[in-house]
Structure formats: structure tokens, C-alpha cells
Amino acid sequence: MSTLHTVNKSPFEKSSLDACLTHVSGGANVLLLEDGVYAATQGTAVEQRVKEALDSVKLFVLGPDLLARGLAEARVIDGINVVDYAGFVDLAAENDKVQAWL
């Protein structure tokens with residue numbers, strides 16, 4: 001059974017991302033959206049943690065939410081896939097369930 005894990009809180013305000021990455025199993029899909037997109041950018045305090053997670057999980061970031069926060073796709077950490085709304089829908093449909101980390 002596969003699960004899409006979503007993180008919508010900034011890693012600088014909440015521990016949602018860390019909790020998610022600590023509990024997900026290898027091969028899981030994790031989507032960063034809303035303020036969670038800050039975790040996908042290079043040069044932050046969480047960059048190393050995110051890079052380490054890429055060894056075992058697939059990370060995605062919602063492109064429109066990056067743009068809404070003035071973040072360029074060029075600043076996204078290598079290995080994180082940028083998806084649009086249709087990509088979000090595809091991820092949700094490809095997985096058996098969606099787990100939101102609040």
C-alpha cells in the first residue's frame with residue numbers, strides 16, 4: 001500500500017517535515033506544498049536533512065506554491081521534482097491514500 005505524504009507547514013515554524021521524514025518508509029512519496037515549499041530550497045538550515053531524505057524517499061514540490069512565495073524553480077534542491085496542480089492530482093491518484101502532516 002502506497003501513501004502520498006503532504007507537508008504544508010514551513011520547516012522553520014513547525015516540526016511537520018521532520019516528523020514526516022522520521023516516520024515515512026523507504027520509497028514513499030512526499031509532496032511539499034503551501035509554506036512547506038521553503039524546505040525544497042537551497043541554502044537553508046534544512047537543506048542537508050532534505051538531501052539525506054532523498055536517499056530513501058521521493059520528494060516533490062508544488063511549483064505554483066513556489067512561485068506564489070517568490071521562489072524560483074532554479075533554487076530547488078537537486079533531486080526534488082517540481083509538479084504543477086495536474087502533477088499533484090496524479091500523485092494523489094497513484095497512491096492508495098494521502099497522509100497530511102500538520
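**Which residues is phenylalanine 60 in contact with, leaving aside its neighbours within four places in sequence?** Keep that one in mind while we set the ground rules, and we will solve it in Exercise 2.

This is a predicted model, in which local features need pLDDT of at least 70 and side-chain atom pairs count only at pLDDT 80 or more, while totals for chains, interfaces and linings use all residues. Residues are numbered from 1 along each chain as its sequence is written, and side-chain values use heavy atoms, with hydrogens and water left out.

## Exercise 1: The overall fold

Work out the order of the elements and judge how compact the chain is.

*Step 1.* Start with the elements: the chain has 4 helices and 5 strands. Helices (H or I, at least four residues) and strands (E, at least two) are DSSP runs, numbered from the N terminus.

*Step 2.* Now read along from the N terminus: the order is β-α-β-α-β-α-β-α-β. The radius of gyration is 12 Å, close to the 13 Å that the globule rule gives for 102 residues, so the chain is as compact as a globular protein of that length. That radius is taken over C-alpha atoms, and the rule is 2.2 Å times the number of residues to the power 0.38.

*Step 3.* For the outer dimensions, the C-alpha atoms fill a box of roughly 35 × 30 × 25 Å along the principal axes.

*Step 4.* Turn to burial: 44% of the 102 residues count as buried. Buried means under 20% relative accessible area, exposed over 50%, and partly exposed in between (1.4 Å probe, protein chains only).

*Step 5.* Finally, look at contacts, meaning heavy atoms within 4.5 Å. Of those with a separation of 6 or more, 72% are between residues 24 or more positions apart.

## Exercise 2: The strands and phenylalanine 60

Find out how strands S1, S2 and S3 pair, then answer the opening question.

*Step 1.* Two strands pair if DSSP finds at least two bridges between them. S2 (residues 29–32) is joined to S3 by 4 bridges, and the two run parallel. S1 and S2 also pair in the parallel sense, over 4 bridges.

*Step 2.* Follow leucine 32 of S2: valine 7 has leucine 32 as its bridge partner, and leucine 32 also stands opposite valine 61 in S3.

*Step 3.* Check how these strands are covered. S2 is covered on both faces, with Asn29 and Leu31 buried on one side and Val30 and Leu32 on the other. In S3 (residues 58–62), 4 of the 5 residues are buried.

*Step 4.* Phenylalanine 60 is found in S3 and is buried, with a relative accessible area of 11%.

*Step 5.* Here is the solution to the opening question: phenylalanine 60 is in contact with Asn29, Val30, Leu31, Leu32, Ile80, Asn81, Val83 and Leu91, once neighbours within four places in sequence are left aside. Valine 82 is 22 residues away in sequence from phenylalanine 60, with 5.7 Å between their C-alpha atoms.

*Step 6.* For a look at S1, take threonine 3, which sits in that strand and is buried at 15% relative accessible area. Not counting residues up to four places away in sequence, threonine 3 touches Asn29, Asn95, Lys97, Val98 and Gln99.

## Exercise 3: Residues in the loops

Decide whether serine 10, isoleucine 77, glycine 43 and glutamate 34 are buried, partly exposed or exposed.

*Step 1.* Serine 10 lies in the loop between S1 (3–7) and helix H1 (16–23). At 7% relative accessibility, serine 10 is buried. Beyond its neighbours within four places in sequence, serine 10 contacts Asp35, Gly36 and Tyr38.

*Step 2.* Isoleucine 77 is in the loop between helix H3 (63–68) and strand S4 (81–83), and is buried at 1%. Residues it touches include Val50, Lys51 and Leu54, not counting those up to four places away in sequence.

*Step 3.* Glycine 43, in the loop between S2 and helix H2 (47–53), is exposed, with a relative accessible area of 65%. Between isoleucine 77 and glycine 43, 34 residues apart in sequence, the C-alpha distance is 8.9 Å. Glycine 43 and histidine 23 are 20 residues apart along the chain, and their C-alpha atoms are separated by 25 Å.

*Step 4.* Glutamate 34 also lies in the loop between S2 and H2 and is partly exposed at 35%. Its phi is near 50°, a positive value in a residue other than glycine. Most residues other than glycine have a negative phi.
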